[in-house]
Amino acid sequence: MIEIYLFVNPIGKKCLSIERRIIDLIKTYDMKIQLRLIPIMNLQTISEFMTRLGASEKDIHLRTALSQEIHSAALDVKAAHLQGKKRGRDFLIELQKAVGEQKQPYSKKLAIQLFTKVGGDLEMFLEDRHSDFIQEAFLTDQQIAHEMKITSHPSTVIYNYSEGCHSGILIEGCDIIHHILDTYNTKEALIAFLESQTQNAAICHSEFDHPLSLI
């Protein structure tokens, strides 16, 4: 079995493109792949997001606003996931499409509209959304990201348990993730790539200057 941890910005367009690729991969390959979508937020990811938006990192008001939006959106995603992985994933994609692609401003009203669209139990969603459990789940995700040395989004950590390997391969950056998915675009090629990385136990560098590393 392959397990993929994908660390994302819940309102980011670039993360959406990676999610779509990996979801298509899971549908195409005849193998067991477990996908865990984890919304993250830290000082570095906020700065990176501001740069992508063409904003100054010194804009404190924008930094604060984006931090609040991403945090709130991440809690929405966690609450949606309580009603099933597929519903949580569908909600995340709808949220990224609306805010990241269509440039709709994030709001609690928008989150409610999108959750209603994916067909969940709205009353339960609203109750869970404001629970201590969801806040704790969000903090747990941030701890996982910290332990896996995640500093940017999108980033992914892939485990190939079929070989009994307990090391994960960390891949950072949208370009290198797309590059790997394009290069190793069959089940056999992907498994061979994962095996070669874990067996070598070395840090590799791609043409995009983003590291692949074992964790």
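Student: Happy to be looking at this with you. Leaving out residues up to four places away in sequence, which residues does histidine 153 touch?

Tutor: Good place to start, with the reminder that this is a predicted model. Histidine 153 touches Phe7, Val8, Asn9, Cys15, Ile40, Thr45, Glu48 and Arg52, once residues up to four places away in sequence are set aside. Its place is in the loop between helix H7 (132-147) and S3.

Student: Is histidine 153 buried or exposed?

Tutor: Histidine 153 has a relative accessible area of 1%, so it counts as buried.

Student: What kind of peptide bond joins histidine 153 and proline 154?

Tutor: First the general idea: most peptide bonds are trans, and most residues other than glycine have a negative phi. Here, the bond between histidine 153 and proline 154 is cis, with omega at about 5°. Proline 154, too, lies in the loop between H7 and S3.

Student: And phi? Which residue in the loop between H7 and S3 has a positive value?

Tutor: Lysine 149, found in that loop, has a positive phi of about 65° although it is not a glycine. With a relative accessible area of 57%, lysine 149 is exposed. Lysine 103 is another case: its phi is positive, about 60°, and it is not a glycine either. You will find lysine 103 in the loop between H4 and H5, exposed with a relative accessible area of 58%. For a glycine, look just after H5, where glycine 119 takes a positive phi of about 85°.

Student: Let's stay with H5. How do I read the sides of a helix?

Tutor: An α-helix has 3.6 residues a turn, so residues three or four places apart point the same way. In H5 (residues 108-118), the buried residues are Leu110, Ala111, Leu114, Phe115 and Val118. They cover an arc of only 130° around the axis, which means they sit on the same side of H5.

Student: Which helices do the buried residues of H5 pack against?

Tutor: They pack against H3, H4 and H6.

Student: How many residues does the largest nonpolar core have, and which have the most contacts inside it?

Tutor: That core has 52 residues, and Phe91 and Leu95 have the most contacts inside it. Helix H3 (residues 60-81) gives the largest share, 8 residues. Apart from this core lies another, of 11 residues, including Phe7, Ile40, Ala145 and Ile150.

Student: What is phenylalanine 91 in contact with, beyond its neighbours within four places in sequence?

Tutor: Its contacts are Asp76, Val77, Ala80, Ala111, Leu114, Phe115, Val118 and Phe125.

Student: Phe125 is an aromatic residue as well. How many aromatic pairs does the structure hold?

Tutor: There are 6. To read one, take the distance between ring centres together with the angle between the planes. Tyrosine 5 and tyrosine 159 form an edge-to-face pair, 6.0 Å centre to centre with 70° between the planes. This pair links distant parts of the chain, 154 residues apart: tyrosine 5 is in strand S1 (residues 2-8) and tyrosine 159 in strand S3 (residues 155-160). Both tyrosines, 5 and 159, are buried. Phenylalanine 91 and phenylalanine 125 form a tilted pair, at 5.9 Å centre to centre and 55° between the planes. That pair connects helix H4 (residues 85-101) with helix H6 (residues 122-129), across 34 residues. Phenylalanine 91 and phenylalanine 125 are both buried.

Student: Which residues form an aromatic cluster with Tyr5?

Tutor: Phe7 and Tyr159 do; the three form one cluster.

Student: S3 has come up a few times. In what sense do S3 and S4 pair?

Tutor: They pair in the antiparallel sense, over 4 bridges. Within this pairing, serine 155 stands opposite glutamate 172 in S4. As for strand S4 (residues 169-172), both of its faces are covered: Ile169 and Ile171 on one side, Leu170 and Glu172 on the other, are all buried.

Student: One last feature: how many disulfides does a search of the whole structure find?

Tutor: It finds 0. Cysteine 15 has its nearest cysteine sulfur, that of cysteine 174, 7.5 Å away. A disulfide needs the two sulfur atoms within 2.5 Å, so this pair does not qualify. Cysteine 15 is buried at 1% relative accessibility, and cysteine 174 is buried at 11%.

Definitions and conventions: Residues are numbered from 1 along each chain as its sequence is written. This is a predicted model: local features need pLDDT of at least 70, side-chain atom pairs count only at pLDDT 80 or more; totals for chains, interfaces and linings use all residues. Side-chain values use heavy atoms; hydrogens and water are left out. Buried means under 20% relative accessible area, exposed over 50%, partly exposed in between (1.4 Å probe, protein chains only). A nonpolar core is a set of buried Ala, Val, Leu, Ile, Met, Phe, Trp, Tyr and Cys residues joined through side-chain atoms within 4.5 Å. Helices (H or I, at least four residues) and strands (E, at least two) are DSSP runs, numbered from the N terminus. Contact means heavy atoms within 4.5 Å. Rings of Phe, Tyr and Trp (its six-membered ring) pair if their centres lie within 6.5 Å; planes under 30 degrees apart count as stacked, over 60 as edge-to-face and the rest as tilted. Two strands pair if DSSP finds at least two bridges between them. The arc is that of the directions from the helix axis to the C-beta atoms.
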